[in-house]
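This briefing should be read alongside the sequence and the coordinates. It begins with a charged surface site and then turns to other places in the chains.

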There are 2 protein chains.
Amino acid sequence: MTEFEKGPRGQRRGRGARERIVSASQQLFRDQGINRTGMNEVCAAAQVSKRTAYQHFASKDELVAEYLRRFDPDVMPGVFDRADLSPRERLLAAFAMPASTPLCPYIAAAVELHDPEHPASQYARDYKTAIAARLTETAREAGARNPEQLGEQLALLIDGAAARTRVLNHDSFPTAAAIAAVLIDNAIPAAPSEQSSDDRRAPGSAPVPIGG
Amino acid sequence: MTEFEKGPRGQRRGRGARERIVSASQQLFRDQGINRTGMNEVCAAAQVSKRTAYQHFASKDELVAEYLRRFDPDVMPGVFDRADLSPRERLLAAFAMPASTPLCPYIAAAVELHDPEHPASQYARDYKTAIAARLTETAREAGARNPEQLGEQLALLIDGAAARTRVLNHDSFPTAAAIAAVLIDNAIPAAPSEQSSDDRRAPGSAPVPIGG
DNA sequence: TATTAAGTACACCGATCTGTTTACGTAACG
DNA sequence: CGTTACGTAAACAGATCGGTGTACTTAATA
């Protein structure tokens with residue numbers, strides 16, 4: 001059966017190869033960019049022959065797509081899966097990304113590839129849409145007046161922080177988090193000033209609509 | 001002196017060449033990306049021989065730097081120079097970019113070049129800093145409580161809208177403008193209601209500090 | 001043992017890109 | 001006229017890149 005593991009007969013091949021290739025591209029594409037990283041370099045880093053690499057991925061484009069796809073299977077870990085946090089806290093947690101978090105490879109890929117039809121570009125759109133959807137969902141849980149709007153706004157803040165951090169080489173997520181706090185407080189009726197364990201809403205007050 | 005114009009003995013050269021090269025790179029770099037546009041293509045579009053191009057620009061990197069530098073000599077025309085607008089209106093005007101406006105070549109360049117030391121990357125940082133400074137200045141005029149903070153926040157919104165527009169292929173500036181309106185209203189004490197949809201604020205409620 | 005699946009090492013192809021060089025053209029000016 | 005400055009056109013150099021082809025190795029299986 002060969003199990004496709006390092007298993008019975010493989011000395012160091014089999015399971016390792018594909019994994020190593022993807023893993024190497026993660027680091028190289030992120031650190032050096034996609035266009036500036038050749039397949040030779042990826043193969044060398046993965047300790048895999050070029051032949052093998054092209055047996056696992058028909059083209060570099062496929063590897064790039066897989067590189068993005070594998071990046072974050074469950075969207076933004078440590079944010080939406082934190083059942084111990086209130087919805088509001090979860091929304092804010094999206095802006096407390098650790099510095100080690102890679103800087104939005106989706107934006108980078110979309111810019112570098114420069115082709116909206118590229119599978120990686122399409123996946124970048126899907127990912128961004130998924131993020132916004134999750135934010136919207138959480139905003140709804142938090143009792144936001146217009147969850148779609150708040151979700152979209154928070155997503156924009158995340159992208160802004162990522163882009164700005166990249167260009168300025170200076171962490172902009174705190175600024176984004178501050179804005180997020182304002183938006184959240186404005187969007188949730190009778191927002192309890194700080195961490196809200198319960199969010200009852202004040203029905204009557206017509207607060208500031210965020211336009212659109 | 002040869003005036004650097006079409007000049008004494010130039011038949012149709014001189015002033016045209018450099019201008020045409022920069023102009024061609026504007027369009028090509030923006031439409032196709034920097035890395036995907038070769039010098040041959042630029043020269044062809046500029047109707048200039050390669051020899052001449054490399055006489056005006058020692059390298060492609062220099063041309064790229066000039067491409068960014070020439071992009072917007074006075075930062076964001078139609079925004080800060082609109083003396084007929086109130087400071088608050090000027091702040092909001094920054095989010096009403098016409099669709100024809102090129103989509104943040106600075107972010108694109110920083111990502112594409114992928115080298116923070118590249119002169120173009122440095123210029124991108126300078127440009128972004130200049131934008132934030134202008135926004136801060138205008139925020140101060142508008143009477144914002146913390147102009148630096150508001151300026152930085154609005155700058156982040158602009159970058160977020162640009163990045164998101166690029167990735168999603170969908171104009172995100174309206175969303176950013178809506179956020180901006182909220183931030184501005186929150187940051188300016190007793191905001192006099194301009195023609196904004198509404199900005200009356202519950203009078204007694206202390207406005208939410210935007211925290212830093 | 002023979003086969004087969006998987007992999008390595010490495011040369012190679014064709015395309016593309018930056019940048020240079022060569023050969024030639026042309027117009028102003030002495 | 002000839003020189004000189006400036007320009008074109010096009011070949012070329014050198015590098016890199018994506019991707020392939022070939023020959024060899026290794027180890028499990030029939």
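At 39% relative accessibility, D61(A) counts as partly exposed, because that class runs between buried, under 20% relative accessible area, and exposed, over 50%, with a 1.4 Å probe and protein chains only. This is a predicted model, in which local features need pLDDT of at least 70 and side-chain atom pairs count only at pLDDT 80 or more, while totals for chains, interfaces and linings use all residues. Residues are numbered from 1 along each chain as its sequence is written, chains are lettered from A and ligands numbered from 1 in the order in which they are written, and side-chain values use heavy atoms, with hydrogens and water left out.

**Charged residues**
- D61(A) belongs to helix 4 (residues 60-69) of chain A, helices being DSSP runs of H or I with at least four residues, numbered from the N terminus.
- Together with E62(A), D115(A) and E117(A), D61(A) forms a negative surface patch, for which residues need over 30% relative accessible area and no salt bridge (a side-chain nitrogen of Lys or Arg within 4 Å of a carboxyl oxygen of Asp or Glu), like charges being joined within 9 Å.
- In chain B, R134(B) lies in helix 7 (residues 119-141) and is partly exposed, with a relative accessible area of 30%.

**Positive phi angles**
- H114(A), which is not a glycine, has a positive phi near 65 degrees, and it is buried at 18% relative accessible area.
- H114(B) likewise has a positive phi of about 65 degrees, and at 17% relative accessibility H114(B) counts as buried.

Note on methods
Patch = residues over 30% accessible without salt bridge, like charges linked within 9 Å, V, L, I, M, F, W, Y side chains within 5 Å. Areas by Shrake-Rupley, 256 points an atom, 1.4 Å probe, with all protein chains shown as cover. Lys, Arg positive; Asp, Glu negative; His and termini not counted. Charge placed at Lys NZ, Arg CZ, Asp CG, Glu CD. Helix = DSSP H or I, 4+ residues; strand = E, 2+ residues; numbered from the N terminus.
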